[in-house]
Amino acid sequence: MPTRRIPQTARRIAGVVAALLLLPYALIVLYRLDFIHPVSTLMFADLATFQGYDRRWVDFEDISPNLVRAVMMSEDGQFCSHHGVDWGEMKSVIDDALAGEATRGASTIPMQTVKNLYLWNGRSMLRKAMELPLAIVADAVWSKQRTMEIYLNVAEWGPGIYGVEAAAQHHFKIPAAKLNARQAALLAVSLPNPITRVASKPGNGMKRLAGVVDRRAKRSGDYITCLYD
């Protein structure tokens with residue numbers, strides 16, 4: 001009898017693991033529905049630790065185009081042309097790593113979105129291996145506008161501050177729809193590390209980066225055709 005229980009237990013464990021691995025793909029399909037407002041793993045963590053968070057969902061149409069352009073040109077300039085993963089950028093990073101050189105991030109907006117929704121922070125080959133197929137599927141299921149809408153509503157912009165509406169209100173005391181080009185650029189460059197890069201209190205280095213992003217955003221017309229007609 002005990003020898004039979006071991007395979008049964010193993011099968012149950014394997015079934016649970018398989019369900020957990022497949023759940024994000026099912027949620028990707030569910031999140032295609034516009035009225036569903038997904039939350040991130042960090043939001044769940046804040047709830048689990050009784051810290052709470054501030055997130056106010058805002059539709060894509062109610063987000064300042066200044067912010068959309070700035071985030072795209074700062075985080076993923078090829079967003080409209082790739083299919084979830086920028087393979088050219090990924091190859092460059094792998095080549096640099098094999099050559100022993102310092103590597104830079106190669107995450108696209110779809111990759112960052114699925115990471116925020118289903119995975120965890122920190123560098124890990126396991127996380128990256130899970131992230132890539134999720135990003136490809138998400139890009140295939142969601143429109144570009146829906147991907148950007150979800151990303152801008154789950155991105156972290158400070159401790160307990162999630163989404164662009166909460167960020168705009170927290171940092172600049174205005175709604176996301178009214179962000180000007182400078183404010184948008186500051187929010188965009190704070191995304192890689194919103195704990196130390198505070199959009200409303202930028203240092204000289206952050207101001208310089210924001211200036212670069214602002215100039216790129218102003219010239220982004222041909223790059224954002226998938227988001228604006």
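In this predicted model, the second largest pocket has a volume of about 170 Å³. Its lining consists of L20, L21, L23, P24, L27, L117, Y118, L119, W120 and M130. Sorted by class, these are 10 nonpolar residues, with no polar and no charged residues present. Two helices, α1 (2-30) and α5 (109-118), each supply at least two residues of the lining. The larger share comes from α1, which gives the most to the lining of this pocket, with five residues.

Helix α5 also holds T113. T113 has a relative accessible area of 0% and is therefore buried. Beyond its neighbours within four places in sequence, T113 is in contact with W142, T147, I150 and Y151.

**The nonpolar cores**

The largest nonpolar core contains 37 residues, of which L67, M148, L152, W157 and V164 touch the most other members. Two or more residues of this core come from each of α3, α7 (144-154), α8, α9 and α10. Of the elements, α9 gives the most, with six residues. Apart from this core lies another one, of 22 residues, including M111, V114, L134 and Y162.

V164 gives a local view of the largest core. When neighbours within four places in sequence are left aside, V164 is in contact with V58, I63, L67, L152, W157, A176 and L179. Three of these partners, L67, L152 and W157, are named with V164 among the residues that touch the most other members of the core.

I63, a contact partner of V164, is found in the loop between β1 and α3. I63 is buried, because its relative accessible area of 3% is under the 20% limit. With residues up to four places away in sequence not counted, I63 touches V58, V68, L152, V164, A176 and A177. I63 and L179 are separated by 116 residues in sequence, and the distance between their C-alpha atoms is 8.3 Å.

**Two enclosed helices**

Why is helix α9 (residues 181-190) described as largely enclosed by the rest of the structure? Eight of its 10 residues are buried, so the helix is largely enclosed. The buried residues are Q183, A184, A185, L186, L187, A188, V189 and S190. They pack against α3 (65-75), α8 (164-172) and α10 (204-218). At the N-terminal end of α9, N180 acts as a cap, with a side-chain oxygen 3.2 Å from the backbone nitrogen of R182.

A181 lies in α9 as well. With a relative accessible area of 22%, A181 is partly exposed. Residues up to four places away in sequence aside, A181 touches N66, D214 and K218. A181 and L67 are 114 residues apart in sequence, while their C-alpha atoms are 7.2 Å apart in space.

Helix α8 is likewise largely enclosed by the rest of the structure, because seven of its nine residues are buried. These buried residues are V164, E165, A166, A167, A168, H171 and F172. They pack against β1 (54-55), α3, α7, β2 (161-162) and α9. The packing between α8 and α9 thus appears from either helix: α8 is listed for the buried residues of α9, and α9 for those of α8.

**Positive phi in loops**

α8 is followed by K173, whose phi is positive, near 60°. K173 is not a glycine, and its place is in the loop between α8 and α9. F50, in the loop between α2 (41-48) and β1, also has a phi near 60°, a positive value in a residue other than glycine. F50 is exposed, with a relative accessible area of 78%. K173 likewise counts as exposed, at 64% relative accessibility.

The relative accessible areas of the individual residues discussed above are collected here.

| Residue | Relative accessible area | Class |
|---|---|---|
| T113 | 0% | buried |
| I63 | 3% | buried |
| A181 | 22% | partly exposed |
| K173 | 64% | exposed |
| F50 | 78% | exposed |

Notes: Residues numbered from 1 in each chain as written. Predicted model: local features only at pLDDT ≥ 70, side-chain atom pairs only at ≥ 80, totals over all residues. Heavy atoms only, no water. 1 Å grid on protein atoms, 1.4 Å probe; cavity = no way out; pocket = protein on both sides within 12 Å on 5 of 7 lines; lining within 4 Å. Points joined across faces, edges and corners; volume = space filled by probe spheres on them. Helix = DSSP H or I, 4+ residues; strand = E, 2+ residues; numbered from the N terminus. Nonpolar A, V, L, I, M, F, W, Y, C, P; charged D, E, K, R; others polar. Buried < 20%, exposed > 50% of the residue type's maximum accessible area, 1.4 Å probe, protein only. Contact = heavy atoms within 4.5 Å. Polar contact = N/O pair within 3.5 Å; in protein donor to acceptor, adjacent residues only side chain to side chain. Core = buried A, V, L, I, M, F, W, Y, C linked by side-chain atoms within 4.5 Å.
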